[in-house]
Amino acid sequence: MEFVSGYRDEFLDFAALLFGWFRKFASERGTGVGGGNGPEGRSRLMEAQVRRLPPDPALWVLHILPNRSVGISLGQGAKQGPGPGLGAARLLGDEPPLCLRDLSPYVSFVSLEDGDEEEDGEEEGTGGEEGELEEEGEQATTSQEPIQDTETPGEPEDAEEEAGEDSSGGDTREDGEEEMGPEKRRGKRGDAAPLHLACLLLVTDEHGTILGIDLLMGGPQGSGVRATGAEGLAQRAYTLLCHSMVCPMGAGDPRRPRQLTVGDPQLHRELESLVPRLGVKLAKAPMRTWGPRPGFTFASLRARACHVCHRHSFEVKLMPCPQCGAVLYCGETCVWADWRRRPDDVSHRFWCPRLAVFMERAGELAALPFTYTAEVTSEMFNKEAFLASRGLTRGYWTQLSMLLPGPVAPGYLPGNGPPLSLLLSGDPYQLLQGDGPPLMPPLPPDPPRGPFGSWQDYYAWRGLGLDSPLAVLLTYPLTVYYVITHLVPQSFPELNIQNKQSLKIHVVEAGKEFDLIMVFWELSVLLPHVALELQFVGGALPPENDQQHFTLQRDGSGVSVRPGSGVSAHPGSGAKEKGSRRDLQIKVSARPYHLLQGPKPDLVIGFNSGFGLKDTWLSSLPRLQSLRVPAFFTESSEYSCVMDEQTMAGATGGGTSPPQPNPFRSPFRLRAADNCMPWYCNAFIFHLVYKPPQGSGIRPAPGPTPPVPAPTVPLVPARRRRGEKRPSRGGRRRRKTVQ
């Protein structure tokens, strides 16, 4: 797929942003961009450039953040020599990783405190490092940690190359590896001592917007390296300040602050004679502590990138395609490169008219009844500020935030599924709670009188105000409810699904929804007459959760949980469970869907599936074709629906129904780095249209099966001319476009 907005871990986008800025900073610092005779001449030119910048009324902060506990262990994929490595192309290129676990062959985080090299997951390492940076009180002076320069003097190209080769947490950890010598990088993970990021220099404004960074490596743990003196660190911090003003990483034009404060007493003293040269006032005393304010945000995430060369907006000026307005480019060179790509059906010339139609749906997708709709559907939506301002900083809300590691309980890692202990509290809505009063009102006394078809109707029945943000989490169970009560009766009326007393549903290629598993209890409230069984299936699920099985049952005002040892546990109680009211069985199978064994489900559902992003779909779709069960999928954009239809056609010869907007889509607009298309979690719904069995003589059914996913998409002339020359182009196009 050309665009991965909505599928890629937000932290990886943030890491790519950091890489891009630091790579530019390291290169310009090494080459002395700006000319001049020697370092002093370059410094004078830089100072003159900064003094001409417009003032920023916000206070800027220079932090020095030591790291004593987290080390970096490199895997085989990060070694020098032939192979993919972990260069900038891995994070910024045409096939970037989609989640943190994709980086596990290259890098992991280890504890330095106990001398223990046990691997932590990427999520734990990231969260721990961020937490340490945010919770640091009085900052230690530079003499407390041995540090060394991350730049090799006289080798700016090497510095730039190494700056791009790193992991998900800090930008150029391998930059320091170059000085350690290649021998430290050649072994498997654990063969060499972990690298130590001794100190991070960070420039932010008072709201937390990141404006610049510099990294000081301490080398392998336990190795003796020279310490950088206070004077050298002051000059380095001064250079970082200048670059942060001329080229701020976060949103906004080049500018200089009216006032600067420093988070380290010794560094504050050393900068007293340097900062005034820039026309910036240095605070009288150093800052003693720093923590996120209520309005803290990573506004840096607003920095966008060119779709072709992946350079960010702080490097080049970006502009959308003048015809469709959907794709961002840095100039005519990248515009023409994308326009003339081969084969023709992956070029922007082919996609431009379709993307223009997709852009016209932005208003329709933003038509939601909530009081905060205008804010959360904006292209510049600041999600972190929205969550923080409403106290949504714990429980399931941490799954939506990049700022919080989200340890709801000891040992709980995002992406690893909730420990069973979290489900035994008796309150199914505990993890939906924020810092304020309860968000979920008591259950209505009467069940719904009829199927709900909109957020407004559901909120009114549930007693929720339209200012409640719960729709962001409840989009998953409400989408399942909408499929059961509206879409299956429309497309598969012969199943008579609304009269069934029990339903077995497979949630295929489960991901984020599994981390929010308790929200599905709302299905038992909406469908009290149905005993539901949800089986989460997917190769990305944590192996330790494989074959877990438990049943949630209404117990007075709470919920009781009866665990089982596996999918076949309590065989004698199956009939009782099936006939109980408000029962919800949860089963987990950590394997690709085509390897799943067991009874045929009544319904298959997949959330934000991205058929073109996982090779396992090429086996799972034929498996669904053989089962021929109703299978509904959501996608975060209309573009993704088109790609899914092409993958389905190539894998099975079948197709998909025309996608339709999901009335229970998430109200949060998803960030898109290289395009302006509207992306929302669970934005569209379609179902699979299976290829008829050979010799059956029947037409594909049920529902219409148009040759293109969206009937309103115009056919471009270039496609017709190509079709005249190659009548079989349809099948070839589907196969080639899938990536």
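This briefing describes helix H19 and its surroundings in a predicted model. The protein chain contains 22 helices and 22 strands. Of its 739 residues, 58% are buried.

**Overall chain**

- Among contacts in the protein chain with a separation of 6 or more, 75% are between residues 24 or more positions apart.
- The exposed surface of the protein chain amounts to about 29600 Å², of which carbon and sulfur atoms supply 51%.

**The buried face of H19**

- Helix H19 spans residues 617-627, and its buried residues are Trp 617, Ser 620, Leu 621, Leu 624, Gln 625 and Leu 627.
- Viewed down the helix axis, the buried residues of H19 fall within an arc of 165°, so they line one face of the helix.
- An α-helix has 3.6 residues a turn, so residues three or four places apart point the same way.
- Packing partners of the buried H19 residues include four strands, S13 (502-508), S18 (603-606), S19 (631-635) and S22 (684-689), together with helix H20 (638-652).
- Arg 628, just after H19, adopts a positive phi of about 55°.

**The contact between H19 and H20**

- The axes of H19 and H20 come within 9 Å and cross at roughly 70°.
- Because angles from 65 to 115 degrees count as roughly perpendicular, H19 is roughly perpendicular to H20.
- On the H19 side, the contact involves Leu 618, Leu 621, Pro 622 and Gln 625, which meet Thr 647, Met 648, Ala 651 and Thr 652 in H20.
- The residues of this contact comprise five nonpolar, three polar and no charged.
- Leu 621 and Gln 625 are buried in H19, and both also take part in the contact with H20.

Definitions and conventions
Residues numbered from 1 in each chain as written. Predicted model: local features only at pLDDT ≥ 70, side-chain atom pairs only at ≥ 80, totals over all residues. Heavy atoms only, no water. Buried < 20%, exposed > 50% of the residue type's maximum accessible area, 1.4 Å probe, protein only. Helix = DSSP H or I, 4+ residues; strand = E, 2+ residues; numbered from the N terminus. Arc of directions from axis to C-beta. Contact = heavy atoms within 4.5 Å. Axes fitted to C-alpha atoms, helices over the stretch in contact; angles between N-to-C directions. Parallel < 35°, antiparallel > 145°, perpendicular 65-115°, else oblique. Nonpolar A, V, L, I, M, F, W, Y, C, P; charged D, E, K, R; others polar. Areas by Shrake-Rupley, 256 points an atom, 1.4 Å probe, with all protein chains shown as cover.
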